Each structure stands twice: as structure tokens, then as C-alpha cells.
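Visitor: I should like to learn how to read the features of a structure such as this one. May we begin with the terms and then turn to the cases?

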Amino acid sequence: MSKVKYHYDSETQSYRKIERRKGRRIGIVLLSVLGSFLAGFLLLVIYLNIPQIETPKEKALKRELQNMELQYGLLNKKMSQIQNVLANIEDRDNNIYRVYFEVNPIPEEQRLAGFGGINRYKDLEGFDNSKLIIETSKRMDILSKQLVVQSKSLDEIAELAKEKESLLSAVPAIQPVKNEDLSRIASGYGWRTDPFTKVRKFHHGMDFTAPRGTPIYATGNGRITRADNRSTGYGNHIRIDHGYGYTSLYAHLYKYNVRVGQRVQRGDIIGYIGSTGRSQGPHLHYEIFKDDRRINPINFYYGHLSPEEFDKVLEKAQQENQSLD
């Protein structure tokens, strides 16, 4: 409750109540509001024009933010370098490695495929550096996927290389008798005169004439599947399963140097030339099978013959003469 004030009236010699004027009260209120507004405005102007004083915590956070921006910049630079190296590896992978091993290159869209579906980077939005962080995260994700694709591709290439090496070691690729041990190449693959019936008959192998006891060599890596004389006409003979559909046969042997089930390497001595079975003299009858079909052995001597030697062998093998078996 507000206090009531009085003043002394000397004329009436009495106290009279002081009445407050309404307009004066409103003026006082307006002056107070205006004064408060002006004081606030002046304080705001002073605050905006006076340099703010950073607290130690604010300084540390500012330094941390600057360091983060620097680190993101360096990270993006490193990613660019990695992408250049990866692009070179991808090019070699598609245009050298896969071409050599006769497999299809990896499509570009598979290598560069992004990430579909929901927004993976929603949690990174709303920050001062959201754009920088999101772009860097996207590059990291795409680069990681490219590395996974390339890693799997190189694993596949490594397996293909092992398979290729195994295949090259297994395929019959040398003559079964050394040139220096040969008397002559008596007969090649094709139509020849049968030595017994004198009738033209297809000769499915090659005959190498050499003295009895001359070493015979395995023409490729494989496993001995037969070493017996239970096949009509071949006499003592050996068969090697090289895998990949290849089998080689060596007939009319004098003696074996291997047993059934034994694994041999190209160049191992497996037996010795003789004249057993349907034979007219010491020689080796040699055949190659691919997927159970006889093929011309002349195409498989690239392992140790020079071009000149191969031409001579080819010339002799093509002569239509009389075979020895």
C-alpha cells in the first residue's frame, strides 16, 4: 500500500493531502522505460565494438577446430594420391593381367559404384564443417569399396597365376627322346603304310628311332596311371595323366623306371626304348590325348626345340612313309 503524503497550509493552518497527478505518473514510467532502452542500446554498442575476450577453453576449442580442418585437408590430399595409384593398378589389372589370363575385365561401373538407399551421412549434418566432413566420408567409403573390389580381383589373379603355372607345367611340351639320342624320326602323325599289312592306315602318334635302352623322358608333370603290357599292340607302355584333360602314352618300352601312382616332373626318366608289342625295331611310339581324343604331338615340342630344330622335325614328321608299328 502506497504512503499518503501531506503538506502544511499556513493560510488555513492545517495539513492538506497531496494528490498525485495521473499524467505525471505516466511520464515517469515512460522516462524509466526510455532510459532502460537507451542504457541497453549503449551496452550493446559497447559490447559489439569491444573485442571479445576468449576464455582458455574457447581458445583450445578454436585450435582443435583449426587442426581438424588441417587434418581433413591432408587426408583428402592422401586420398587423391591413393586414388591415382589405385587407378593405375586397376588399369594394369584390366588391360594386362586379365588379358593374359583370358578373363573378362571388371566393369567400370562395378569399380565406381556408390552407396544407395538411406542417407548414410545424416548424422554428420548440422555442424559448421558438415560439408567438408560429409564429402571426405563419401570419398573414404568409395575408396574403401574400390580397394575391396581390387583386392578380390588380385586374389583371383593370384589363383589364375597358380593355375596357369600348374597348367604350363602339366601340358606335354618337350620331345620324349633327346635329339642327340635319336637315329631318326621314323614316322609322324597321319596316314602311313602299316609295316605288317602294307595297307595305308592312320598313325595316331610319332615314332622316334633310337638304340635299345635309350632314356625316355616325361614330357610334362603328372601321375603314372599305367605301366604294363596289357594294351594290344603297345607292348610295355606307360601312360601319364597330366590333368587338364591331357594324357601322354609311351609304347614299346624295354624297361620301366616308374610305378603306377607315382608323380613325375617334366624331364624325369620314366623308361627306356625297346621293341616290345607290335614293333619292327627299337623305337618309341608316342601319343598325346586331349579329352580322350588323340591329337598330333608335333604341336607340343615348343619346350626345348629351337625354331630351326622344330622345322626339321616338322618336315620329317610330315613325310608319308612306313611306320614302325
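Guide: Let us start with one term: two residues are in contact when heavy atoms of theirs lie within 4.5 Å. Please keep in mind that this is a predicted model.

Visitor: With which residues is Thr219 in contact, leaving aside its neighbours within four places in sequence?

Guide: The list for Thr219 comprises Val171, Pro172, Ala173, Ile174, Gln175, Pro176, His242, Ser248, Tyr250, Arg266 and Tyr286. Thr219 itself is found in the loop between strand 7 (215-217) and strand 8.

Visitor: Is Thr219 buried or exposed?

Guide: A residue is called buried when its relative accessible area is under 20%. Thr219 has a relative accessible area of 0%, and therefore counts as buried.

Visitor: Which side chains does Thr219 join through polar contacts?

Guide: There are two to consider here. The side chain of Thr219 makes a polar contact of 3.1 Å with that of Tyr250, and another of 2.9 Å with that of Tyr286.

Visitor: How should one read the largest nonpolar core, and which residues have the most contacts inside it?

Guide: The idea is a set of buried residues of nonpolar type joined through side-chain atoms. In this model the largest such core has 25 residues, and those with the most contacts inside it are Phe208, Ile238, Ile240, Tyr250, Ile270 and Leu284. At least two core residues come from each of strand 6 (206-209), strand 8 (222-228), strand 9 (237-243), strand 10 (246-251), strand 13 (269-273) and strand 14 (283-290). Strand 14 supplies the largest share, three residues. Tyr250 thus appears twice in our discussion, as a core residue with many contacts and as a polar partner of Thr219.

Visitor: What is the general idea behind a salt bridge, and how many are counted here?

Guide: Side chains of opposite charge can pair when their charged atoms come close. The count for this model comes to five salt bridges. One of them joins Asp228 and Arg226, with N to O at 3.0 Å. Asp228 also forms a salt bridge with Arg230, where the closest N and O atoms are 3.4 Å apart.

Visitor: How do the three residues of these two pairs stand with respect to exposure?

Guide: Asp228 is buried, with a relative accessible area of 8%. Arg226 is partly exposed at 24%, whereas Arg230 is exposed at 66%. Through shared partners, the salt bridges join Arg226, Asp228 and Arg230 into one network.

Visitor: Which residue forms a salt bridge with Lys290?

Guide: The partner is Asp291, and the closest N and O atoms are 3.0 Å apart. Lys290 is partly exposed, with a relative accessible area of 24%.

Visitor: Which residues have a positive phi although they are not glycines?

Guide: Tyr244 is one of them, with a phi of about 60°; Asp292 is another, with a phi of about 70°. Tyr244 lies in the loop between strand 9 and strand 10 and is partly exposed at 33% relative accessibility. Asp292 is placed in the loop between strand 14 and strand 15 (293-295) and is exposed, with a relative accessible area of 74%.

Visitor: Which residues make the nonpolar surface patch of about 590 Å²?

Guide: The patch is made by Leu34, Phe37, Leu38, Phe41, Leu42 and Val45. Leu42 belongs to helix 1 (residues 22-49) and is exposed, with a relative accessible area of 52%.

Conventions. Residues are numbered from 1 along each chain as its sequence is written. This is a predicted model: local features need pLDDT of at least 70, side-chain atom pairs count only at pLDDT 80 or more; totals for chains, interfaces and linings use all residues. Side-chain values use heavy atoms; hydrogens and water are left out. A nonpolar core is a set of buried Ala, Val, Leu, Ile, Met, Phe, Trp, Tyr and Cys residues joined through side-chain atoms within 4.5 Å. Buried means under 20% relative accessible area, exposed over 50%, partly exposed in between (1.4 Å probe, protein chains only). Helices (H or I, at least four residues) and strands (E, at least two) are DSSP runs, numbered from the N terminus. A salt bridge is a side-chain nitrogen of Lys or Arg within 4 Å of a carboxyl oxygen of Asp or Glu. Patches are made of residues with over 30% relative accessible area and no salt bridge: like charges are joined within 9 Å, nonpolar side chains (Val, Leu, Ile, Met, Phe, Trp, Tyr) within 5 Å. Accessible areas come from the Shrake-Rupley method with a 1.4 Å probe; for residues, only the protein chains shown count as cover. A polar contact is a pair of N or O atoms within 3.5 Å; within protein, one must be able to donate a hydrogen and the other to accept it, and residues adjacent in sequence count only if both atoms are side-chain atoms.
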